[in-house]
Amino acid sequence: MQWLWAIIVGFVLGLIARAILPGKQHQPLWLTTLFGIVGAILGNAVSRWIGVEDTRGIDWTRHLLQLAGAVLIVGLGDMAYMAIRGGKKQMT
């Protein structure tokens, strides 16, 4: 059940990250979801590192760090995806 929750959260974070980033992102939806999952994991690691992983009530700081991680990973992932995909387009 935790994997299903991670996929749902990754999907939502990935979509929000794509909406925040300027311009058009070219990666497919499954890759956006994967980048969102990695961003959430990165945000959780940072929140654990600074000591705000688990607080009373809603963990706003952790959620904002997860979103920031998703924005970072989606942005970098799109650049990498286009670099790889762009190279393949030129070869054909």
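Reader: Which helix gives the largest share of the nonpolar patch?

Author: Keep in mind that this is a predicted model. The patch covers about 990 Å² of surface, and among its residues are Met1, Trp5, Phe11 and Leu29. Eight residues of the patch, its largest share, come from residues 2-20, and that stretch is helix α1.

Reader: Okay, take Ile8 from that patch. Is it buried, partly exposed or exposed?

Author: Ile8 sits in helix α1 and helps make the nonpolar patch. Buried means under 20% relative accessible area and exposed means over 50%, with partly exposed in between. Ile8 comes out at 39%, so it counts as partly exposed.

Reader: How many helices and strands are there in the protein?

Author: Start at the N terminus and walk along: the elements run α-α-α. That fits the tally, which is three helices and zero strands.

Reader: Which residues does Val71 contact, leaving aside its neighbours within four places in sequence?

Author: Look for Val71 in helix α3, residues 60-91. Don't go hunting around Gln2, since the C-alpha atoms of Val71 and Gln2 are 22 Å apart. With those sequence neighbours set aside, the contacts of Val71 are Ala17, Ile20 and Leu21.

Reader: What about pockets? Which element gives the largest share of the lining of the largest pocket?

Author: The largest pocket has a volume of about 360 Å³. Its lining has 15 residues, and Trp5, Val9, Ala40, Asn44 and Gln66 lie nearest the centre. Two or more lining residues come from each of α1, α2 (29-50) and α3. The largest share is seven residues, and it comes from α1.

Reader: And salt bridges? Which residue does Asp59 pair with?

Author: The count for this model is one salt bridge. To qualify, a side-chain nitrogen of Lys or Arg has to be within 4 Å of a carboxyl oxygen of Asp or Glu. Here the closest N and O atoms are 3.1 Å apart, and the partner of Asp59 is Arg62.

Reader: Is Asp59 buried or exposed, then?

Author: Buried means under 20% relative accessible area. Asp59 has a relative accessible area of 7%, so Asp59 is buried.

Reader: Zooming out, how much of the area the protein exposes do carbon and sulfur atoms supply?

Author: Picture the C-alpha atoms filling a box of roughly 55 × 25 × 20 Å along the principal axes. Of the 92 residues, 33% count as buried. The protein exposes about 6500 Å², and the share from carbon and sulfur atoms is 71%.

Notes: Residues are numbered from 1 along each chain as its sequence is written. This is a predicted model: local features need pLDDT of at least 70, side-chain atom pairs count only at pLDDT 80 or more; totals for chains, interfaces and linings use all residues. Side-chain values use heavy atoms; hydrogens and water are left out. Patches are made of residues with over 30% relative accessible area and no salt bridge: like charges are joined within 9 Å, nonpolar side chains (Val, Leu, Ile, Met, Phe, Trp, Tyr) within 5 Å. Accessible areas come from the Shrake-Rupley method with a 1.4 Å probe; for residues, only the protein chains shown count as cover. Helices (H or I, at least four residues) and strands (E, at least two) are DSSP runs, numbered from the N terminus. Buried means under 20% relative accessible area, exposed over 50%, partly exposed in between (1.4 Å probe, protein chains only). Contact means heavy atoms within 4.5 Å. On a 1 Å grid over the protein atoms alone, a cavity is a set of points where a 1.4 Å probe fits but cannot get out, and a pocket is an open set with protein on both sides within 12 Å along at least five of seven lines; lining residues have an atom within 4 Å of a point. Grid points are joined across faces, edges and corners, and a volume is the space filled by probe spheres set on the points.
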